[in-house]
Amino acid sequence: MKKGIALWLACLILAINLCALGDVGNSFSDSGGSWDSGSSWSASDSSSGDSSDGSFYFDPVMGTVAIVFSAGFVGVIFWLSKREMNQPGKSIDENAMEKILQDDPGFSQENFLSHAKKLFIQLQEAWESHQMEVVRGQLTPAYYETLDAQLNEFRQKGHHNRMEGQEILSAKIAQYKKDEHHSYIVVRLNATVIDFVEDKAGNLVSGDKSQRHDRVYKLVFRRPLGSQTGAPQSIVNCPNCGSPINKNGACSHCGTQLESQDWQLDSYGRF
């Protein structure tokens, strides 16, 4: 909001200056004009030695152009600001916890963020070791398939993405949203890490083994709409073959991956 006001004032000043350009030949003449000795806009100081009386002159054409330009510029800035704020995870909703507790009174922010930070580290380690199966039960089925496909590209090239010295600086619940089928919690996580890629022989492919990066991540968690903290899993056997569901949320016999009733990571990237 403060940024928008500052931009508006800057445009207003620009418009005023453009309006005054109708007398620009007199104000900035070879004799120094109105800026002589740093004096104010008086008749005696703004004179350029010709017929001008130093008065402020408004050019209607330039004034119209300046006003249209300023209005358009402010409009574009306002639109871009609104667009950014409406993107999921881009803003912080200070009432997010209140909204969550209305739907789930047993929800614990402390426990949830502790789980989110732990999963963040586990996910990085699984990615680095090429063993995404370790965290499969904590990811939505679709997101697991996405990450595993991306990891296959590294496997085929024989590359490893190394992330050393990871440290989580802070984590905060940024948003809470719902659609027809799911509830979503967006977590803003600040971390620092040394991030680089090397081949099987340990040769550097990309990145820097000595450069530390400070990053802000967005973790989006999802669970079925209406689920409650601590509620038992409603599905304990596979609907396809009847076999038990393992700890990763998949059938122990046919491998069918079921949607968990608890929070699962649905996407992860830069905030």
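A residue counts as buried when its relative accessible area is under 20%, and as exposed when that value is over 50%. The exercises below apply this to a predicted model.

**Exercise 1. Classify W263 as buried or exposed.**

Solution. The relative accessible area of W263 is 8%. The cut-off for a buried residue is under 20%. W263 is therefore buried.

**Exercise 2. Determine the geometry of the aromatic pair formed by F112 and W263, and state which parts of the chain it ties together.**

Solution. A search of the whole structure gives seven aromatic pairs. One of them joins F112 and W263, with 5.8 Å from centre to centre and 75° between the planes. Planes over 60 degrees apart count as edge-to-face, and this pair is accordingly edge-to-face. F112 belongs to helix α5 (residues 109–129), while W263 lies in the loop between β3 (204–224) and β4 (264–270); the pair therefore ties together parts that are 151 residues apart in sequence. F112, at 5% relative accessibility, is buried.

**Exercise 3. Describe the aromatic pair of F120 and Y217 in the same manner.**

Solution. The ring centres of F120 and Y217 are 5.1 Å apart, and the angle between their planes is 55°. The pair is classed as tilted. F120 is in helix α5 and Y217 in strand β3, so that distant parts of the chain, 97 residues apart, are linked. With a relative accessible area of 2%, F120 is buried; Y217, at 5%, is buried too.

**Exercise 4. Identify the residues that form one aromatic cluster.**

Solution. The cluster consists of F107, F112, F221 and W263.

**Exercise 5. Compare the expected span of helix α6 with the distance between its end C-alpha atoms.**

Solution. Helix α6 (residues 141–157) has 17 residues. The expected span is 1.5 Å times one less than the number of residues, which gives 24 Å for this helix. The end C-alpha atoms of α6 are 25 Å apart, in agreement with that expectation.

**Exercise 6. Establish how the buried and exposed residues of α6 are arranged, and what covers the buried ones.**

Solution. The buried residues of α6 are Y143, Y144, L147, D148, L151 and F154. They cover an arc of only 125° around the axis, and therefore lie on the same side of α6. The face turned away from this buried side carries the exposed residues A142, Q156 and K157. The cover over the buried residues includes α5, β1 (160–178), β2 (182–198) and β4.

Terms used
Residues are numbered from 1 along each chain as its sequence is written. This is a predicted model: local features need pLDDT of at least 70, side-chain atom pairs count only at pLDDT 80 or more; totals for chains, interfaces and linings use all residues. Side-chain values use heavy atoms; hydrogens and water are left out. Rings of Phe, Tyr and Trp (its six-membered ring) pair if their centres lie within 6.5 Å; planes under 30 degrees apart count as stacked, over 60 as edge-to-face and the rest as tilted. Helices (H or I, at least four residues) and strands (E, at least two) are DSSP runs, numbered from the N terminus. Buried means under 20% relative accessible area, exposed over 50%, partly exposed in between (1.4 Å probe, protein chains only). The arc is that of the directions from the helix axis to the C-beta atoms. Contact means heavy atoms within 4.5 Å.
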